[in-house]
Amino acid sequence: MSRPEIQVSGLHKSFGDNDVLRGIDLEIGQGEVVCVIGPSGSGKSTLLRCVNLLEEPTEGQVFVGGTEVTDPDVDIDAVRRRIGMVFQQFNLFPHLNVTENLTLPQRRVLGRDKASAAAVAAENLARVGLSEKADAYPSSLSGGQQQRVAIARALAMGPEVMLFDEPTSALDPELVGDVLAVMRMLATEGMTMMVVTHEMTFAREVADRVVFMDGGVIVEEGSPEQVIGSPRHERTRHFLSRLL
Ligand code: ADP
Ligand code: MG
């Protein structure tokens, strides 16, 4: 592996007496695509949220691009700028049109002027195939289009790493493919990605590595062929059998 872009070591996270993450160790190399699978409540979202400090770990360390984000003195905003996050719910600003959704964070967080933010917005809308929706409002778009706008908004910030938390779980089945196609393109372009998903076909075809979590620990990880195709652990087999 090249230098790890994301490194998680000895990560624990508790909410009260609920130990949600119970010692996670994970390294993700530059340009690597890692799919995280596992049952509901196993801690997948909490793990992603600890990587960009939406949740503060109880114990352990997280490094992104060589910077320890769990260092109490770290500039959290500077770290978050390097990490794009896409959620199950698209979280677009409903009162702003598509272009404004993409330019606002660039101007607020990166201090870009209006013209350069608009140029970056246009470029990223083109990447997700939605140039013709530049002036549309989120409510007029399908769920799949809204999610592609959310991805473009994250990309417009120029992240080094993209985190996806079940990006297609809220979509009607016929809209899932377009979103996965955009993610596939990013993977091909060499983006470092951590993707929580139940889309096993995507995981098989796009992931360099699959991580199966259960009960706040990594039960097994390996190539998609290995983890999905011939899982070593009974818990993994049980989980996969219920997806079919
Ligand atoms: P997954 O994404 O795998 O479904 P989560 O990481 O969302 O799992 O949740 C794992 C556990 O952590 C659940 O028991 C959930 O109730 C708990 N949890 C997650 N976020 C919070 C929170 N902000 N406060 C309290 N408990 C939480
Ligand atoms: Mg989740």
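**Note on the ligand 1 site and the packing of helix H3**

1. An oxygen atom of ligand 1 is placed 2.7 Å from a polar backbone atom of Gly 41. The model is a predicted one, and the distances and angles below are to be read accordingly.

2. Two side chains also approach ligand 1. Ser 45 has a polar side-chain atom 2.8 Å from an oxygen atom of the ligand, and for Thr 46 the corresponding distance, again from a polar side-chain atom to an oxygen atom of ligand 1, is 2.5 Å.

3. The surroundings of ligand 1 include the run Pro 39, Ser 40, Gly 41, Ser 42, Gly 43, Lys 44, Ser 45 and Thr 46. Phe 15, Asn 18, Val 20 and Glu 55 are likewise found around the ligand.

4. Helix H3 (residues 98-110) packs on helix H4 (residues 114-127) at about 125°, the axes being 9 Å apart. H3 is therefore oblique to H4, and their crossing is right-handed. On the H3 side, the contact involves Val 98, Thr 99, Leu 102, Thr 103, Gln 106 and Arg 107. Their counterparts in H4 include Lys 114, Ala 117, Ala 121 and Leu 125. Seven nonpolar, five polar and two charged residues make up the contact of H3 with H4.

5. H3 also packs against helix H5 (residues 143-155), at an angle of about 30° and with the axes 9 Å apart. The two helices, H3 and H5, are therefore roughly parallel; their crossing is right-handed. H3 contributes Val 98, Asn 101, Leu 102 and Pro 105, while H5 contributes Val 149, Ala 152 and Arg 153. By class, five residues of the contact of H3 with H5 are nonpolar, one is polar and one is charged.

Terms used:
Residues are numbered from 1 along each chain as its sequence is written. Chains are lettered from A and ligands numbered from 1 in the order in which they are written. This is a predicted model: local features need pLDDT of at least 70, side-chain atom pairs count only at pLDDT 80 or more; totals for chains, interfaces and linings use all residues. Side-chain values use heavy atoms; hydrogens and water are left out. Axes are lines fitted to C-alpha atoms, for helices over the stretch in contact, and angles run from 0 to 180 degrees between N-to-C directions. Helices (H or I, at least four residues) and strands (E, at least two) are DSSP runs, numbered from the N terminus. Angles under 35 degrees count as roughly parallel, over 145 as roughly antiparallel, 65 to 115 as roughly perpendicular and the rest as oblique. A crossing is left-handed if the near helix is turned anticlockwise from the far one by less than a right angle, and right-handed if clockwise. Contact means heavy atoms within 4.5 Å. Ala, Val, Leu, Ile, Met, Phe, Trp, Tyr, Cys and Pro count as nonpolar, Asp, Glu, Lys and Arg as charged, and the others, Gly among them, as polar. A residue is near a molecule or strand if one of its heavy atoms lies within 4 Å of it. A polar contact is a pair of N or O atoms within 3.5 Å; within protein, one must be able to donate a hydrogen and the other to accept it, and residues adjacent in sequence count only if both atoms are side-chain atoms.
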